[in-house]
Amino acid sequence: MDFAVSETGSGSEDLTLLYDQYNGLRRRHAGFLGYPVNLAIDYRAFGELLDTLWITVGDPSTGYQPRLGLQPFEREVVRFLAKLSGARPDHTYGYVTSGGTEANLYGIHLGRQRLPEAPLYFGATAHYTVERTALLLRMEPVRIPCRRDGSIDPVALRAACVRRRGRGAVVVATVGTTVHGAIDSLPEVLDAIGPAGRHHLHVDAALGGLVAAFAPSPPPWGFDAGADSVAISGHKLIGAPVPCGVVLAREELVGSPAEVDYLSAADSTLSCSRSGLSVAFLWYALRQLGRSGLAARVHRCLETADYAVRALSRTGHRPWRHPASLTVLFERPPASVCRRWRLATSGNLAHLVAMPHVTRDMIDRFCRDLG
Ligand SMILES: Cc1ncc(COP(=O)(O)O)c(C=O)c1O
């Protein structure tokens with residue numbers, strides 16, 4: 001197949017290559033178990049809206065007012081997620097980011113601004129981009145060992161803070177770690193960092209925050225549990241069709257925004273132009289679901305995760321999961337099975353994630369494949 005972009009350009013027949021790609025992606029949905037993305041989505045109604053530029057710039061509260069005027073949509077996304085995260089929406093800053101990584105970068109950057117001498121503490125199972133963020137922001141990265149379930153070890157965290165006593169601490173707690181779906185205990189983390197002095201607690205809730213919010217026994221995970229900033233992914237549980245995320249922060253921690261004269265906008269975000277489509281997708285998804293729809297989605301997914309644990313137990317693969325997580329871990333099957341079901345693997349473990357498109361029928365077929 002010829003993907004080359006030529007000197008002269010070609011024509012509309014090139015769309016067939018993209019349709020082929022699309023059809024290939026669609027065919028994979030029925031066997032996509034290993035990654036925490038939501039494939040039960042349908043945004044085809046947006047097709048008619050793509051003959052204009054969907055752009056937003058600046059803070060959702062005071063941003064530049066281009067013709068599309070997306071600020072009210074973005075403000076509502078931020079308000080809704082702030083409430084779910086235990087924040088006081090009227091005192092919460094936030095915006096739609098390019099994904100979980102930018103949302104984490106923003107939260108950690110706020111911590112760095114508050115505590116310029118502080119190291120960045122994070123669990124060994126935190127997302128790989130967290131360490132990179134420490135390097136980018138020129139912070140000392142301090143990787144803390146984790147317990148067997150994948151959550152940060154508070155004893156090791158305390159010991160690391162004692163060794164660096166008095167410098168302050170910027171800490172990333174992960175709610176839903178990438179491989180284990182583990183949830184760092186915020187009360188234990190806050191207690192452990194006492195010796196460090198002042199702190200900024202950023203919660204990477206990209207994967208598990210919204211699950212934790214609606215779990216039968218919700219673990220403490222948001223602002224009401226001590227978070228200063230929170231990152232939530234947009235293309236995971238919410239199900240945007242492009243990567244995006246939302247960062248939230250206690251408003252008083254966000255410094256004065258840059259006043260951008262040529263835009264007549266105030267901008268505290270990390271980018272200039274941001275994806276207006278992501279804003280529109282997130283608003284549309286949340287508006288369709290509402291709080292009760294999101295809760296029902298989480299309950300259905302948790303039931304599927306339970307079903308998967310029962311089914312995998314019968315195959316002898318010794319599954320386990322955190323009670324407030326959709327990630328089901330089990331012994332790593334042969335490579336051919338991992339490939340066929342797009343399983344994520346790490347060492348001798350594999351996992352599936354009971355996202356909204358994952359059905360009991362898929363689990364049954366998968367278990368039959370395991371033999
Ligand atoms: C816990 C966690 N944080 C952050 C990220 C990064 O998010 P993104 O890929 O949207 O940048 C991921 C990605 O899977 C993740 O699992």
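In the predicted model, Phe46 has a relative accessibility of 8% and therefore counts as buried, the cut-off being under 20%. Phe46 lies in the loop between α1 and β1. Apart from residues up to four places away in sequence, Phe46 touches Leu277, Ala280, Phe281 and Tyr284. One of these contacts, Phe281, is 235 residues from Phe46 in sequence, yet the C-alpha atoms of the two residues are 8.9 Å apart in space.

Phe46 also belongs to a cluster of aromatic residues, in which ring pairs link Tyr43, Phe46, Phe281 and Tyr284. In total, 12 aromatic pairs are found in the structure. For the pair formed by Tyr43 and Phe281, the ring centres are separated by 5.0 Å and the planes meet at 75 degrees, so the arrangement is edge-to-face. This pair connects distant parts of the chain: Tyr43 is in the loop between α1 (15-28) and β1 (55-57), whereas Phe281 is in helix α8 (residues 276-315), 238 residues apart. Tyr43 and Phe281 are both buried.

Strand β5 comprises residues 169-174, and 6 of its 6 residues are buried, so the strand is largely enclosed by the rest of the structure. Burial applies to both faces of β5: Ala169, Val171 and Ala173 point one way, Val170, Val172 and Thr174 point the other way, and all are buried. Two pairings of β5 with other strands are described here. With strand β3 (residues 120-123), β5 pairs in the parallel sense over 3 bridges. Within that pairing, Val170 of β5 stands opposite Leu120. With strand β6 (residues 199-204), β5 is joined by 6 bridges, and the two strands run parallel. Here Thr174 stands opposite Asp204 in β6. Helix α6 (residues 186-192) completes a right-handed β-α-β unit with β5 and β6.

Thr174, a residue of strand β5, has a relative accessibility of 3% and therefore counts as buried. When neighbours within four places in sequence are left aside, the contacts of Thr174 are Ala126, Ala182, Ile183, Asp184 and Asp204. Asp204 is thus listed among the contacts of Thr174 and is also the residue of β6 that stands opposite Thr174.

A further strand, β12 (327-331), has 4 of its 5 residues buried, so β12 is largely enclosed by the rest of the structure. Strand β12 is joined to strand β14 (residues 349-353) by 5 bridges, and these strands run antiparallel. The bridge partner of Val328 in β14 is Leu352.

Positive phi values occur at two arginine residues. Arg138, which is not a glycine, has a phi near 55 degrees. Arg138 is located in the loop between α4 (128-136) and β4 (141-144). With a relative accessibility of 74%, Arg138 counts as exposed. Arg318 likewise has a positive phi, of about 50 degrees, although it is not a glycine. Arg318 occupies the loop between α8 and β12. Its relative accessible area is 61%, and Arg318 is therefore exposed, the cut-off being over 50%.

At the level of the whole protein chain, the model contains 10 helices and 14 strands. The radius of gyration of the protein chain is 21 Å, close to the 21 Å that the globule rule gives for 371 residues, so the chain is as compact as a globular protein of that length. Taken along the principal axes, the C-alpha atoms fill a box of roughly 55 × 55 × 45 Å. Of the 371 residues in the protein chain, 53% are buried. Among contacts between residues at least 6 apart in sequence, 69% join residues at least 24 apart. The accessible surface of the protein chain is about 17600 Å², and carbon and sulfur atoms account for 52% of this surface.

Technical notes
Residues numbered from 1 in each chain as written. Predicted model: local features only at pLDDT ≥ 70, side-chain atom pairs only at ≥ 80, totals over all residues. Heavy atoms only, no water. Buried < 20%, exposed > 50% of the residue type's maximum accessible area, 1.4 Å probe, protein only. Pairing = 2+ DSSP bridges. Right-handed = clockwise from strand over helix to strand, strands pointing away. Rg over C-alpha atoms; globule rule 2.2 N^0.38 Å. Contact = heavy atoms within 4.5 Å. Areas by Shrake-Rupley, 256 points an atom, 1.4 Å probe, with all protein chains shown as cover. Phe/Tyr/Trp six-rings, centres within 6.5 Å; stacked < 30°, edge-to-face > 60°.
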